[in-house]
Amino acid sequence: KLPTQAELDDLKAQLAEHAAIPQELIDQMKSYPLKDVHPMAALRTAVSSLALYDNDADNMDEKANYLKAVKIQAKIATIVAAFARLRNGQEPVQPKKGLSYAANFLYMLSGKEPDEISETAFNKALVLHADHELNASTFTARVCVATLSDIYSGITGAIGALKGPLHGGANEQVMKMLSEIGEPENIRPYLDDAFAKKQKIMGFGHRVYRKGDPRAKHLREMSKKLTSITGEEKWYNMSIQIEEIIKNEKGLVPNVDFYSASVYHSLGIDHDLFTPIFAISRVSGWAAHILE
């Protein structure tokens, strides 16, 4: 069921209350090989470490598990933003009361409150990535906690599954492809070469949505708006051309990853943070499955 306004307000208040992460965890993250480690590897380690600072980590009481789910959802955005800043030689920005979940992440990432269109776009992306039935990472989480292991173990396992390029890593690969193509005139030769080598074009096709991913159209609209604002319409225009070619010649349509790549790029987010952002969103679904 959908929450009442009071229930929603209460959840928002809890997320804000638990958004800060322990200083010990920040100090630990500073010891990571920041320039070399992939953000998903750092996230996997940091979320696992969160359990060390939670006295109820092994408490299997229903109320305790729910609170842990809220804590993880609240803190995972802070972890990703903190890592992003630390590797650039910057100190983490503390979460700010009064901002939405989406706005707070963008604020902690840049130190500046986002404009309305950026907040709306990022919030929409988080909603669209939130849960997707029994995918690989959700299955991993459920199997892990089915042994009566703790929720931190389940979420850590799910992050490990999401890290793979055949699951959560696809949107990062989409932006890598767009960057390699560079200009619209390079699309045809790039795709012809990929077809000849039987290479997979990331961001197309879905095991469930055979006739089209209903989430893709919303991100396509946001990509058009954001790239227009940033003056980088070429990423959207190139994406449209690639979509047409793949649809006409391979019978495949975009999934949620394809346009989320240019949306995140337009928000000024580093490409290797795309998959950790997927994790920020998908924690809500993982946690719901784990609690079930």
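**Loops, core and overall build**

Leu-148 is exposed, its relative accessible area being 69% (exposed is over 50%, buried is under 20%, and partly exposed is in between, using a 1.4 Å probe and protein chains only). The model is a predicted one, in which local features need pLDDT of at least 70 and side-chain atom pairs count only at pLDDT 80 or more, while totals for chains, interfaces and linings use all residues. Numbering starts from 1 along each chain as its sequence is written, and side-chain values use heavy atoms, leaving out hydrogens and water.

Back to Leu-148: this residue sits in the loop between H7 and helix H8 (151–162). Its phi is positive, about 70 degrees, although Leu-148 is not a glycine. Lys-198 also isn't a glycine, and has a positive phi of about 55 degrees. Its place is the loop between helix H10 (187–196) and helix H11 (216–230), and with 74% relative accessibility Lys-198 counts as exposed. As background, most residues other than glycine have a negative phi.

What does the secondary structure of the chain come to? There are 14 helices and zero strands, where helices (H or I, at least four residues) and strands (E, at least two) are DSSP runs numbered from the N terminus. The C-alpha atoms fit a box of roughly 55 × 40 × 40 Å along the principal axes. The radius of gyration is 19 Å, which agrees with the value near 19 Å for a compact globule of 292 residues; this radius is taken over C-alpha atoms, and the globule rule is 2.2 Å times the number of residues to the power 0.38.

Half the story is inside, as buried residues make up 50% of the 292 in the chain. Among contacts (heavy atoms within 4.5 Å) between residues at least 6 apart in sequence, 76% join residues at least 24 apart. On the outside, the accessible surface comes to about 14000 Å², with 52% of that belonging to carbon and sulfur atoms; such areas come from the Shrake-Rupley method with a 1.4 Å probe, and for residues only the protein chains shown count as cover.

Now for the interior. The largest nonpolar core has 87 residues, and those touching the most other members are Leu-43, Ile-79, Phe-105, Phe-122, Ile-155, Ile-242 and Ile-269. Helix H4 (residues 62–86) supplies the largest share of this core, eleven residues. A nonpolar core here is a set of buried Ala, Val, Leu, Ile, Met, Phe, Trp, Tyr and Cys residues joined through side-chain atoms within 4.5 Å. In soluble globular proteins, nonpolar side chains tend to be buried together. Setting aside neighbours within four places in sequence, Ile-79 contacts Ile-21, Leu-25, Met-29, Leu-43, Ala-46, Val-47 and Leu-50.

Two more residues are worth a look. Ile-181, part of helix H9 (residues 170–181), is buried, with a relative accessible area of 2%. Beyond neighbours within four places in sequence, Ile-181 is in contact with Asn-186, Ile-187, Tyr-190, Met-238 and Ile-242. Leu-191 is ten residues from Ile-181 in sequence, and the C-alpha atoms of the two are 9.2 Å apart. Thr-138, in helix H7 (residues 136–146), is buried too, at 0% relative accessibility. Which residues does Thr-138 touch, not counting those up to four places away in sequence? They are Asp-131, Glu-133, Trp-286 and His-289.
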